[in-house]
Amino acid sequence: MKSISPPLSRCTPKFLLPIFTSPSQSPPFIVAAAAAQPRKATTSRRSSRSTKTRTPSPTLEPVATPPTEASTPNKKVLVPIGFGTEEMEAVIMVDVLRRAGAEVTLASVEPELEVEASGGTRLVADTLISACCHEVFDLIALPGGMPGSVRLRDCEILKNIMSKQAEEKRLYGAICAAPAVTLLPWGLLRRKQTTCHPAFMDKIPSFRAVKTNIQVSGELTTSRGPGTSFQFAITLVEQLFGEAVAKEIGEVLLVNGHDEDPRKQEFNEVEWSLDHTPQVLIPIANGSEEIEVVTVIDILRRAKVNVVVASVEKSAVILASKGVKIVADKLIDSAAESMYDLIILPGGEVGVQRLQRSRTLKKLLKEQESGGRTFGAMCSSSPIILQKQGLLKAKKSAAHPSIAMSKLDDVPNGARVVVDGKLITSKGLSTAIEFGLAIVSKFFGHARARSVAEGLVFEYPRN
C-alpha cells in the first residue's frame, strides 16, 4: 500500500487534485428534516449502559430526496482531516451528518487532498483547509487519531477557523485524542467539562475531565473514541436539526436497537483459526456504504489482519454512498491473482448492484465457496449478491431490516450479526463494529476481540 509521508508544511497547498462529483442518483436512506427545530439535546437511549452527561447547552421516515431549502435551513459542517486521522470517526461523522441533511465539507490540512488515515485507509478530501478560511460553519467537528490530532493541532489555518468558531459561540466538537491533543493547546477547553479517549484523560485538568461517552458543555461536544462515534454524530445531528431527526437517523442506522436483541448468533459452529496471518479481501464500488467499508477495514487491521481493498470500477478511487471518496489498494482483477481466507461484501444499494455486475467478483465468490473458505456480507449485499448466487442455501443470515424478511429465507430474530459455519452476515451500518469484532473473535479468539474493542472504547462482553 502506498504510504503518504507527513509533509513539512502542514497547511500550505502545493497542488490540487481533482474533486470528484457526487452521484446523480440519490443514495438510499437519505432522510428529511422538515419541520424539525433545533432544541436542547437529550440522552440517547440505545442502551441503559450508554452514558451521556451535559452541562447547560446554548440540537423519520426515509425519503428519496434530501431536505429542501424551504423545509429546513441549510446547515454547514466542517470536518478536517490529516495524515493519521482516525478513519472510523471521520467517516461516521460525515455519513451521519449528510444523512440528516447537513452540507458537510471534508477538508484536508495537508498540502494534498489524499490523506492516509491511522489504519491505512486512504481518503480523498473535498477541498483543502485553505479554501474554508472565509466560510461560516454551523458546526466544526474534529476526528481524533494519532498522529492525526497532532496534524490538526499544528495547522495554523484550522486553529484560526476553530478559534473564531468558539469566539462566536457556534457549535464545535472533538472526539478521541482531539479534545486533549488539539483543542486543549488552543485554549478551547477553558471552563468546559470534557471527555476524550481514556489514553489521553490525564492531559485534561482533573476538575474538568468527565468519564462519559458524550459530554456536552455549552457549544462544545466531546466524545471518547471510534466505538462512541455513532453516539457522537447523532448528538451533533440533534443539536443541528432537533431531537426528532436525531431519533429517526438513529433508527435508520440501527443504533437504537433493543437491549434484549443478541449481538451475535452462531449456528453450525466451525473453527476459523489459521496457522498464518488471515488474508481478507473487501471489494468496493461506487455507491458502497462507507461506514461499513471503513469500519471493518479499521477493526481488522487493528487486529493485525492483512486487508486488501479492491475496486471493481476502472479507477481505484470510488465515490461511496454518502459522497466520501475512498482509494482502493488495487483493482479487482489484480486482487484476484491472490487467494483469501475471507471475502467481505459491504452494503450500499448502488454499490451492491455494481459489485453484483463484476464477473471477477462472481468467480472469486464461487471459488471461495467451492474451496471451503469463508465469506461474508453486510446490509443488502447478503440477499442481493449471495442469495442470487446461490451461496445462502440452507444457511441462516442477516441483512438490513428494510429488506431482510422479504429477500431472505432464514433470518434469526433480532441478531445483529449471524455466523453460520463459514458464512458471516450482519444488518449493516452501525452493526459493522460488532461484525468486525465477530470476525476477529473467530480468527483469533475472544481475548483479541475484547482487546480491540477496548481500544475502540466499545462495550464488549467479557465472555
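**Helix packing, one strand and some salt bridges**

I'll start with a pair of helices. Helix α5, residues 229-241, packs against helix α6, residues 243-252, at an angle of about 150 degrees, and their axes are 7 Å apart. The crossing of these two is right-handed. On the α5 side, the contact is made by Ile-234, Val-237, Glu-238 and Phe-241, and on the α6 side by Glu-243, Val-245, Ala-246, Ile-249 and Gly-250. Sorted by class, that contact of α5 with α6 has six nonpolar residues, one polar and two charged. Please keep in mind that this is a predicted model.

The second pair is α7 and α13. Helix α7 covers residues 290-302 and helix α13 covers residues 432-444; they pack at about 30 degrees, with axes 9 Å apart. α7 also passes α13 in a right-handed crossing. From α7, the residues in contact are Glu-292, Thr-295, Val-296, Ile-299 and Leu-300. From α13, they are Ala-432, Ile-433, Phe-435, Gly-436, Leu-437, Ile-439 and Val-440. The class count for α7 with α13 is nine nonpolar, two polar and one charged.

Now a strand. Is β18, residues 374-378, mostly covered or mostly uncovered? Mostly covered: five of its five residues are buried. Thr-374, Gly-376 and Met-378 lie on one side, Phe-375 and Ala-377 on the other, and both faces are covered. As for its partners, β18 pairs with strand β17, residues 342-345, in the parallel sense over four bridges. Within that pairing, Ile-343 stands opposite Phe-375. β18 is also joined by four bridges to strand β20, residues 423-426, and those two run parallel. There, Met-378 has Ser-426 of β20 as its bridge partner.

On to charges. Side chains of opposite charge can pair when their charged atoms come close. The count in this model comes to 19 salt bridges, and I'll go through a few that involve the helices already mentioned.

Lys-442 forms a salt bridge with Glu-266, with the closest N and O atoms 2.7 Å apart. Lys-442 is in helix α13 and Glu-266 is in strand β11, residues 264-267, so this pair ties together parts that are 176 residues apart in sequence. Why does Lys-442 count as buried? Because its relative accessibility is 11%, and the cut-off for buried is under 20%. Glu-266, at 27%, counts as partly exposed.

Next, Asp-298 and Arg-302. Their salt bridge also has its closest N and O atoms 2.7 Å apart. Both sit in helix α7, and because they are four residues apart, about one helical turn separates them. Asp-298 is buried, at a relative accessible area of 2%, whereas Arg-302 is partly exposed, at 32%. This pair does not stand alone: Glu-86, Asp-298 and Arg-302 are linked in a network of salt bridges.

The last one is Arg-301, also in helix α7, with Asp-329. Their side chains meet in a salt bridge at 3.4 Å, N to O. Where does Asp-329 lie? In the loop between β15 (325-327) and β16 (330-331), so the salt bridge links distant parts of the chain, 28 residues apart. Asp-329 is partly exposed, with a relative accessible area of 24%. Arg-301 counts as buried, at 15% relative accessibility.

To recap helix α7: it packs with α13, holds the pair Asp-298 and Arg-302, and contributes Arg-301 to the link with Asp-329. That's what I have.

Technical notes
Residues numbered from 1 in each chain as written. Predicted model: local features only at pLDDT ≥ 70, side-chain atom pairs only at ≥ 80, totals over all residues. Heavy atoms only, no water. Axes fitted to C-alpha atoms, helices over the stretch in contact; angles between N-to-C directions. Left-handed = near helix turned anticlockwise from the far one by under 90°. Contact = heavy atoms within 4.5 Å. Nonpolar A, V, L, I, M, F, W, Y, C, P; charged D, E, K, R; others polar. Buried < 20%, exposed > 50% of the residue type's maximum accessible area, 1.4 Å probe, protein only. Pairing = 2+ DSSP bridges. Salt bridge = Lys/Arg side-chain N within 4 Å of Asp/Glu carboxyl O.
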